[in-house]
Amino acid sequence: MGKLVICDHPLIQHKLTFIRDKATNTKDFRDLVSEVATLMAYEITRDVPLETIQIETPVCEMESYILSGRMIGLVPILRAGLGMVDGILQLIPSAKVGHIGLYRNEETLQPVEYYINLPTDAQERLLIVIDPMLATGGSANAAIEALKKRDCTHLKLMCLIAAPEGVKAVQDAHPDVDIFVASVDERLNENGYIVPGLGDAGDRLFGTK
């Protein structure tokens, strides 16, 4: 079973409060989401392997550490996932970025892939699937499945907040994928919104209603 990691650092929880607040304006909301994404990137890269190299400081020669192994790719789910990408790139500027677009079929209520564009070496990278909200888990599962069909097997999922139902859905469908969130909220309401949640992340990021 993939692990669930709740990123409970005080700075993340402080900023998450203002992300949730309906009085927070679009600019501040966007800035806060980006800042939390940067902070969460520390946690999601905690187990990235290191290797040693020889360098020379102004004082002496020494062995020091650099990142080793798989490179990193970011795959935001359009459109709300875009709001977290720049924050992660602040920390990992060498990461490549792909995109997955999904819409919901109004008859089946299932997510349908309408767009995907990945780095040419995506199969060799640790891919971080990004979406602010993990509600029912439908979009996350569809995105992960789309990546696995393209032989991408080293995957993690990053979300701001999640409903227990969404966490369970992803863990059931993809037990090999670790999930990183800032909060697991109470539940989904009858309209599929996370309670207490933060409303519609895409609308709040881009100022649309």
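Two strands pair if DSSP finds at least two bridges between them. That cut-off underlies the strand pairings in the views below, which come from a predicted model.

**View 1. Strand β4 and strand β6 run parallel.**
The strands shown are β4, residues 71-78, and β6, residues 99-104. 2 bridges join them. One bridge partner can be picked out by name: L78 of β4 is matched with G101 in β6.

**View 2. Strand β4 is largely enclosed by the rest of the structure.**
Of the 8 residues in β4, 6 are buried, so the strand is largely enclosed. Strand β8, residues 125-130, runs parallel to β4 and is joined to it by 6 bridges. Here L74 stands opposite I128. Strand β5, residues 96-97, also runs parallel to β4, with 2 bridges between them. On β5, the residue opposite L74 is V97. The chain gets from β4 to β5 by way of helix α3, residues 82-91, and this β-α-β crossover is right-handed. In a regular strand the side chains alternate between the two faces of the sheet.

**View 3. D121 sits in the loop between β7 and β8.**
Strand β7 covers residues 111-117. Is D121 buried or exposed? The relative accessibility of D121 is 12%, and buried means under 20%, so D121 counts as buried. Leaving aside neighbours within four places in sequence, D121 is in contact with M71 and K96. M71 belongs to β4, which spans residues 71-78. K96 belongs to β5, which spans residues 96-97.

**View 4. R20 of helix α1 makes polar contacts with S183 and D185.**
Helix α1 covers residues 10-20. R20 is partly exposed, with a relative accessible area of 23%. Which side chains make polar contacts with the side chain of R20? One is that of S183, at 3.1 Å. Another is that of D185, at 2.8 Å. Not counting residues up to four places away in sequence, R20 touches I161, S183, D185, P196, G197, L198 and R204. Take L198: R20 and L198 are 178 residues apart in sequence, but their C-alpha atoms are 4.4 Å apart in space.

**View 5. Y103 and Y114 form a tilted aromatic pair.**
The model has 1 aromatic pair. A pair of aromatic rings is described by the distance of the centres and the angle of the planes. For Y103 and Y114 the centres are 6.3 Å apart, with 40° between the planes. Y103 lies in strand β6 and Y114 in strand β7, so the pair ties together parts that are 11 residues apart in sequence. Both tyrosines are partly exposed: Y103 has a relative accessible area of 44%, and Y114 is at 48% relative accessibility.

**View 6. The whole chain gives the setting for the close-ups: 6 helices and 13 strands.**
The radius of gyration is 18 Å, close to the 17 Å that the globule rule gives for 209 residues, so the chain is as compact as a globular protein of that length. Along the principal axes, the C-alpha atoms fill a box of roughly 65 × 40 × 30 Å. Buried residues make up 45% of the 209 residues. Among contacts between residues at least 6 apart in sequence, 63% join residues at least 24 apart.

Key:
Residues numbered from 1 in each chain as written. Predicted model: local features only at pLDDT ≥ 70, side-chain atom pairs only at ≥ 80, totals over all residues. Heavy atoms only, no water. Buried < 20%, exposed > 50% of the residue type's maximum accessible area, 1.4 Å probe, protein only. Helix = DSSP H or I, 4+ residues; strand = E, 2+ residues; numbered from the N terminus. Right-handed = clockwise from strand over helix to strand, strands pointing away. Contact = heavy atoms within 4.5 Å. Polar contact = N/O pair within 3.5 Å; in protein donor to acceptor, adjacent residues only side chain to side chain. Phe/Tyr/Trp six-rings, centres within 6.5 Å; stacked < 30°, edge-to-face > 60°. Rg over C-alpha atoms; globule rule 2.2 N^0.38 Å.
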